[in-house]
Amino acid sequence: MSGARGGRRQNNWDLRAAGNFIGGGTGTGLAVVAAAEAFMGGTFRAALVLGLVLTGAGLGLVWLEIGRPWRAINVFFHPRTSWMTREGIMALLLFPLGILALALGEAWLALAAAVAAVAFLSCQAGILHAARAIPAWRKNELVPLILAAGLAEGTGLALCVPGTEPFVVLLALAAGFAREIAWGVYRGALAEEKRTQAALAAFEERPARLARAAQWASLALLVLAAALSVPALAMAGGALAFLGGAAIKAVLITRAGYKQRVALPAVPVRGGGGRANPASAR
Amino acid sequence: MTRYAMVADLRRCVGCQTCTAACKEGNATPPGVQWRRVLDIERGTYPDVQRVFLPIGCQHCDEPPCLEVCPTTATRKRADGIVTIDESLCIGCSYCIMACPYEARALTGAEAYAFGDRPIASEAARGTRPEGVATKCDFCAARIDAGVARGLVPGRDAEATPLCANACISGALSFGDRDDPEGPIARLLAENRWFRLHEEEGTGPGFYYLWDREGAP
């Protein structure tokens, strides 16, 4: 709800919004894992259930944040340009497909759910990218980062689910390296602009540095797990991949997601005389 | 084609906030919300410094980022360029607030009054404002429409002109139809050097800031 009596200017989204991006990203990664497991002939239900629950939980957090939650149906009114509407529509596709896949156990339905999940995550990336007031979000380089991060978080968490197929370690490793590349490119883009220096600074603070350390540690553990086939290492690496990614996303939404300030291209040259407003001279 | 726009002559603005007060009184905006603000900006390095008073609010953009992102279609742009919010559709998701590069939007909270538990006259006249929705300057659209319906000209006739422009004590704020070649906006833009905020964003603001005479050295 909106909180303050009277009203307020808002400078950033809070942890509830961050929860949506964490849940949506991780849920998508889990849905992709479920589809892969289904096609490999393994059991996929646990990953898919967890993916749907996390995605739904993220949307639930947003529902708690909006000012008029009982009007939430209005979110579907503007698919032509609004990524938030598109996210809602993709959620409407994702959940029935996921539930059908769980009920019928069909691999192709799991695949369809995974495709809807990736589309859902793409919409989430679009939401951030279209927030033009926020220098750190409107970067083109953020879109691949959100996609790669979601896959890394989801595949990582999947490794913590009992019964996950061993090949998922390789998926998690690939997603983790993809996230590293996307992160490097995104950070490079932030470094190029004066307005995003404070975002860079937010990523240099202790919580973000710890999260990044967790991501590196996860990669090391996943490499070892893939080489040595030790499930415990895979589980630890996956957990760190998820936790590190979630923490970075929280920083991205709440700390790096600040609005740009006014920039004056010129200052007034006073003393020139002349009347400005003809109406005021009456 | 009418395209309403506002001009602020930064050489004349003295930062008195009369526009802010007039807007607040006339539109009965809730405590904590100001549709028209005046930023007090210090520019330069000692001893070569300058204060700039910058009236700011919704820029009524040609391509409003708030309209693009709004999932409900609550934010709309009229044919005359005025960007409005349909409070009955808005869900208060704040996405428009995150998208507006001009910090023009706010979110309403629980009903509250400027002074104590009872509404002042303008608040009582306005009635209950919906809680949890986005709010912003609408160039006093209802006032403009009522004035135009009576044959008045916005920017020339005070009763059809936004309250902030009417109240400006230094004549810094002007309002009118930008596309009227005989109107005050077209003349001011032709005679002066001006800028718009965050022009690089491609939003096409309908708010112009004069800073020097055209042709000045």
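I began with B:Glu200 and found it exposed in this predicted model, with a relative accessible area of 51%. I then looked for its partner: the side chain meets that of A:Arg195 in a salt bridge at 3.1 Å, N to O. That pair crosses between chains, from the loop between strands E9 (192-195) and E10 (207-213) of chain B to the loop between H6 and H7 of chain A. A:Arg195 is partly exposed, at 25%.

Next I checked A:Arg138, which pairs with A:Glu193 at 3.7 Å, N to O. The two sit 55 residues apart and link distant parts of the chain. A:Arg138 counts as buried because its relative accessibility is 15%, under the 20% cut-off; A:Glu193, at 21%, counts as partly exposed. I was pleased to see both again in a salt-bridge network with A:Arg132, A:Lys139, B:Glu68 and B:Glu201. Over all chains, my search of the whole structure gave 26 salt bridges.

I also noted a pair inside a helix: B:Glu191 and B:Arg187 form a salt bridge at 2.8 Å, N to O. Both lie in H7 (184-191) of chain B, 4 residues apart, about one turn of the helix.

Then I turned to the sheet. Its 3 strands run in the order E1(A)-E6(B)-E7(B), open and antiparallel. E1 of chain A and E7 of chain B stand at the edges, each with a single partner strand, so one side of each lacks a neighbour in the sheet. I traced A:Arg8 to its bridge partner in E6(B), B:Leu107.

Last, I looked up A:Glu165, in the loop between H5 (142-158) and H6 (168-191) of chain A. Beyond its neighbours within four places in sequence, it contacts A:Glu37, A:Gly42 and A:Thr43.

Notes. Residues are numbered from 1 along each chain as its sequence is written. Chains are lettered from A and ligands numbered from 1 in the order in which they are written. This is a predicted model: local features need pLDDT of at least 70, side-chain atom pairs count only at pLDDT 80 or more; totals for chains, interfaces and linings use all residues. Side-chain values use heavy atoms; hydrogens and water are left out. Contact means heavy atoms within 4.5 Å. Two strands pair if DSSP finds at least two bridges between them. A salt bridge is a side-chain nitrogen of Lys or Arg within 4 Å of a carboxyl oxygen of Asp or Glu. Buried means under 20% relative accessible area, exposed over 50%, partly exposed in between (1.4 Å probe, protein chains only).
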